[in-house]
Amino acid sequence: MAGHILIIDYGSQFTQLIARKTRALGYYAEILPAGLPLDGPLSQKPGALILSGGPASVDEPGAPSLDRRLLDSGLPMLGICYGMQLLARLLGGRLTREAHGEYGPAELEPTAPSPLWSPLNGSGRLRVWMSHGDRVEEAPPGFKVIGRTPDLPVAAMEDPGRKIYGLQFHPEVHHTEKGMELLQAFLADAGLKADWRMSSFAKDAVEEIRRTVGPDGKVLCGLSGGVDSTVAAALLARAVGPRLHCVFVDNGLLRQGEAEEVSRAFRTLYPELSLTVADSGEEFLSRLEGVSDPEEKRRIIGHTFIEVFTKEASKLGRADFLAQGTLYPDVIESVSPQGPSALIKSHHNVGGLPRELGFTLIEPLKYLFKDEVRELGAELGVPEELLWRHPFPGPGLAIRIIGPVDRESLALLRKADAIVREELRAFGLDRSVWQAFAVLLPVRSVGVMGDGRSYGQAVAIRAVTSVDAMTADWARLPAELLARFSTRIINEVQGVNRVLYDISSKPPSTIEWE
């Protein structure tokens, strides 16, 4: 896409925020990990470059650098944190290593006029967010210092002739005052047009799918009922119509009424399409019997899913393409400049089918973030009840039962989870909360129910706020709502006498318990 923004990723935890926020401003941004070949991206003629932050020191052996072709490209450029330090080093500035680094808020004072400061309207100091160990002591030749803090003489720099800017702070994080406006000021100064629209993406994606599939190709899609696979299926349905075949594997580990709801909604929306529902709960449960280790649960569920999917797909006859709901964060993380991320747990989406099945892979959402997927779904007419369904892991309720999975535990958890979702909707908070669900704990505790002593099970409730699940904070739900959760679950779910609320954030915790 001509005029788009190319973001070079040096491993910052905030790189995806840069892309998301520039897209929110109406500019298409693409992330390229440092060190990958640039011939393809440069052939697309980007309109501006942003260099992200990163955990390394620019003077460390093997620290990621910058292809000289980018410095000589004449493109407007913004270096953030590590990106600014790298520009300073490569262009002749001087850096020093700080003894303790600077992390947290700082007061920035603009020291010279700059297009970047246009959002300030002469209002003076700006509260910004710092996270760095190195510092630019002297700006490169041709640069002027345009901002400082009490502890940092070069907090922002600019080469006005080449439109190259450096910011030691992070404008992409919400802690930086007017951060979005600063990014907008750079992009406007770069001469880019804010023409990124989901309607144009949908049109282009449909055309690309049609070119890829051709006039006779058939597409197979694994439908999970989640937002990603539903929107992918809707996009494919618009592109190839009845040549799309969807397989929905009901693994017996879904939320209450979910299999019926997804099947009914999809058949109503797309009556001309082929939808196979594989009722395989017994098969999954028999293989999970007695298994407590969460990674083993995931392995069993993933392998069983592939077996069932393959068996059902073979009944449909020839298919040339396999569609998956891969999102942009999955693509980015798979080619991280720091190497593959440390394994925290196997991927939630067990619908990742192996290439050995012989299909050509189609991933129509692979350049979108989660919020953009919902925006695309709305553009395609996907019903809100499907579009705003809370994220649900591929292994389902199996990883919300801490310990072995059996029918009794599943029945108990389904009821508790349904109550959580019902009450959240009743309070009008289901869209402001990213995810809310119940977890069945492997503990029993003493209680008093009626006139007798009980020895019942405990349920934990997890509710978080987030934008993309990379980070999350526990939701500050009203006390009245928490009381409703507890009262209804204890009264209506036989065998439960204690309800807890999880107040941990991600990190250090994860959203799911397993």
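These are my notebook entries on a predicted model, covering two groups of strands, some helices, one lysine and one pocket.

**Entry 1: the open sheet**

I began with the strand order. Five strands make an open sheet, and they run β12-β11-β10-β13-β14 with parallel pairing. I then looked for the edges and found β12 (274–279) and β14 (360–362), each of which pairs on one side only. Neighbouring strands in this sheet are turned by 25° against each other on average, direction ignored.

As a reminder to myself, strands of a sheet pair through backbone hydrogen bonds, either parallel or antiparallel.

Next I followed one pair in detail. Strand β11 (residues 244–250) meets β12 in the parallel sense, over 6 bridges. Which residue of β12 is the bridge partner of H245? I clicked through and got S274.

I also checked what lies across these strands. Helix α7 (residues 227–240) lies across β10 (219–222), β11 and β13 (321–323), and its direction is at about 160° to β10.

**Entry 2: helix α9**

Which residues of α9 (281–288) are buried? I noted G281, F284, L285 and L288. Those residues cover an arc of only 95° around the axis, so they sit on the same side of α9. I then asked what covers them, and the list includes β11, β12, α10 (294–315) and α14 (407–426). After α9 comes G290, and its phi is positive, near 80°.

**Entry 3: K297**

A lysine in helix α10 caught my eye, namely K297. Is K297 buried or exposed? It counts as buried, because its relative accessibility is 0%, and the cut-off for buried is under 20%.

I listed its contacts, leaving aside neighbours within four places in sequence. K297 touches L288, V291, S292, A398, I401, G403, V405 and E514. L288 is familiar from the last entry, as one of the buried residues of α9. I also took one C-alpha to C-alpha distance: K297 and P395 are 7.8 Å apart in space, though 98 residues apart in sequence.

**Entry 4: strand β3 and its partners**

I moved to strand β3 (residues 48–51) and looked at where its side chains go. A48 and I50 point one way, L49 and L51 point the other way, and all are buried.

For pairing, I found strand β1 (residues 5–9) joined to β3 by 4 bridges, running parallel. Within that pair, L6 stands opposite L49. Strand β4 (residues 77–80) also runs parallel to β3, with 3 bridges between them. There, L51 has G79 as its bridge partner.

**Entry 5: helix α5**

Helix α5 (residues 179–189) was my next stop. Its buried residues are G179, L182, L183, A185, F186, L187 and D189. Their cover includes the strands from my last entry, β1, β3 and β4, along with α1 (15–24), β6 (126–138) and β9 (164–167). A glycine with positive phi turns up here too: G191 follows α5, with phi near 85°.

**Entry 6: a pocket**

Rolling a probe the size of a water molecule over the atoms shows where empty space is left. I picked the second largest pocket, with a volume of about 630 Å³. It is lined by 20 residues, and F201, A205, E208, K366 and Y367 are the closest to its centre.

Which elements give two or more residues to this lining? I wrote down α6 (198–213) and β14. The largest share comes from α6, with 8 residues. My last note is that β14 is also an edge strand of the open sheet in my first entry.

Key. Residues are numbered from 1 along each chain as its sequence is written. This is a predicted model: local features need pLDDT of at least 70, side-chain atom pairs count only at pLDDT 80 or more; totals for chains, interfaces and linings use all residues. Side-chain values use heavy atoms; hydrogens and water are left out. Two strands pair if DSSP finds at least two bridges between them. Axes are lines fitted to C-alpha atoms, for helices over the stretch in contact, and angles run from 0 to 180 degrees between N-to-C directions. Contact means heavy atoms within 4.5 Å. Buried means under 20% relative accessible area, exposed over 50%, partly exposed in between (1.4 Å probe, protein chains only). The arc is that of the directions from the helix axis to the C-beta atoms. On a 1 Å grid over the protein atoms alone, a cavity is a set of points where a 1.4 Å probe fits but cannot get out, and a pocket is an open set with protein on both sides within 12 Å along at least five of seven lines; lining residues have an atom within 4 Å of a point. Grid points are joined across faces, edges and corners, and a volume is the space filled by probe spheres set on the points.
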